[in-house]
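Here is a short tour of one protein model, written for someone who likes to check geometry by hand. Please keep the viewer open as you read.

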Amino acid sequence: MDCEQWVDGFELRPLPKTHESVQWARQKMSKTIVEHNGKKIAGYEIVEVLQVLNSDLWQKYRMQRDHIRRDIGGRVQEIRLFHGTNNALSIAESGFQVKFAKKSGMFGKGIYFADLSSKSNQYTFEGCNKPCKLHNEEFCEVCERTMLICRVAMGNQYKAQNAMNGIEEPPAGFHSVVAEPGVCKNIKYREYVIYQDNQAYPGYLVKYKIKK
Ligand SMILES: [Zn+2]
């Protein structure tokens with residue numbers, strides 16, 4: 001997930017099907033499908049995986065990570081997480097923008113990630129469980145979807161026990177909020193939230209379709 005192949009500027013590089021990152025994405029996505037609202041999708045058809053090479057965003061991410069490192073005086077935990085969105089291209093190009101997030105989110109005005117592909121898949125058409133525009137069908141198998149696989153600098157994780165609607169930053173001393181089933185009320189699957197634009201780098205853009 002490193003941005004090893006350096007470019008100056010922005011490039012979306014299509015990866016061959018045999019590329020290890022494509023295989024990783026395919027496996028990780030297919031292994032992390034669970035039931036949501038009584039419905040479990042059957043799988044995915046990966047159309048294309050594009051590596052996001054964006055020198056400006058990568059530098060900003062590293063600066064944010066360094067900032068957290070100085071704050072905690074040690075190594076920063078980074079994890080690969082999914083972010084489902086119909087805006088993947090603009091995020092790849094311009095980065096995450098927390099200013100577009102709603103304060104009413106369960107964990108406030110932040111950028112939300114998941115370790116389950118099916119959870120992120122719920123957000124691929126303009127919001128949660130929304131249908132595609134063309135066929136007005138939530139489980140459309142025809143329309144292409146996009147998902148980002150991101151590198152997220154978690155820092156000190158605050159374990160939420162309740163909803164935290166309205167917050168705009170993590171509690172003092174923390175860099176992210178994590179909600180886990182069993183710890184946080186009304187949570188079925190883990191959620192990860194950051195409140196700074198550059199605390200995540202959108203490393204891969206996956207174009208795919210679902211199989212119901
Ligand atoms: Zn459709």
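A residue is called buried when its relative accessible area is under 20%. Serine 117 has 0% relative accessibility, so this residue counts as buried. Keep in mind that the model is a predicted one.

**Around serine 117**

Serine 117 belongs to helix H4, which covers residues 117-121. Which residues does serine 117 contact, leaving aside its neighbours within four places in sequence? They are Met29, Thr32, Ile33, Tyr44, Phe82 and Met147. Met29 deserves a second look: the C-alpha atoms of serine 117 and methionine 29 are 5.2 Å apart, although 88 residues separate the two along the chain. A polar side-chain atom of serine 117 also lies 2.7 Å from the backbone oxygen of methionine 29.

**The zinc site**

Now turn to the metal. Four residues supply the protein donors of the zinc ion: Cys132 and Cys140 and Cys143 through SG, and His135 through ND1, at 2.1 to 2.3 Å. The angles among the 4 donor atoms run from 100 to 115 degrees, and the site is tetrahedral. Four donors count as tetrahedral if all angles lie between 85 and 135 degrees, so this range qualifies. Along the chain the donors follow the spacing C-x2-H-x4-C-x2-C. Two of the donor residues, cysteine 140 and cysteine 143, are buried.

**Two residues with positive phi**

Most residues other than glycine have a negative phi. Two residues are worth checking against that background, and both values of phi are positive. Glutamate 126 has a phi near 45 degrees and sits in the loop between H4 and E5. With a relative accessible area of 47%, glutamate 126 is partly exposed. Asparagine 136 has a phi near 55 degrees and is likewise found in the loop between H4 and E5. Is asparagine 136 buried or exposed? Its relative accessibility is 58%, so asparagine 136 counts as exposed.

**Nonpolar cores**

The largest nonpolar core contains 27 residues, and Phe96, Phe113, Leu148, Val152 and Leu205 have the most contacts inside it. At least two residues of this core come from each of several elements, including helix H2 (55-72), helix H3 (88-94), strand E5 (145-153) and strand E9 (200-211). A second, separate core has 16 residues, among them Met29, Phe82, Met147 and Tyr204. Three of these names may ring a bell, since Met29, Phe82 and Met147 are also among the contacts of serine 117. As for phenylalanine 113, not counting residues up to four places away in sequence, its contacts include Leu81, Phe82, Phe96, Cys150, Val152 and Ile194.

**Aromatic pairs**

How many aromatic pairs does the structure hold? There are 6, and two of them are set out below.

| Pair | Arrangement | Centre to centre | Angle between planes |
|---|---|---|---|
| Tryptophan 58 and tyrosine 61 | stacked | 5.6 Å | 25 degrees |
| Tyrosine 61 and tyrosine 201 | tilted | 6.5 Å | 55 degrees |

Tryptophan 58 and tyrosine 61 are 3 residues apart in helix H2, so about one helical turn separates them. The other pair links distant parts of the chain, with tyrosine 61 in helix H2 and tyrosine 201 in strand E9, 140 residues apart. Tryptophan 58 and tyrosine 61 are both buried, and tyrosine 201 is buried as well. Through these ring pairs, Trp58, Tyr61 and Tyr201 are joined into a cluster.

Technical notes
Residues are numbered from 1 along each chain as its sequence is written. This is a predicted model: local features need pLDDT of at least 70, side-chain atom pairs count only at pLDDT 80 or more; totals for chains, interfaces and linings use all residues. Side-chain values use heavy atoms; hydrogens and water are left out. Donors are N, O and S atoms within 2.8 Å of the metal (3.2 Å for Na, K and Ca); water is not among the atoms, so sites may look incomplete. Four donors count as tetrahedral if all angles lie between 85 and 135 degrees; four count as square planar and six as octahedral if opposite donors are over 155 degrees apart and all others between 65 and 115; anything else is irregular. Buried means under 20% relative accessible area, exposed over 50%, partly exposed in between (1.4 Å probe, protein chains only). Helices (H or I, at least four residues) and strands (E, at least two) are DSSP runs, numbered from the N terminus. Contact means heavy atoms within 4.5 Å. A polar contact is a pair of N or O atoms within 3.5 Å; within protein, one must be able to donate a hydrogen and the other to accept it, and residues adjacent in sequence count only if both atoms are side-chain atoms. A nonpolar core is a set of buried Ala, Val, Leu, Ile, Met, Phe, Trp, Tyr and Cys residues joined through side-chain atoms within 4.5 Å. Rings of Phe, Tyr and Trp (its six-membered ring) pair if their centres lie within 6.5 Å; planes under 30 degrees apart count as stacked, over 60 as edge-to-face and the rest as tilted.
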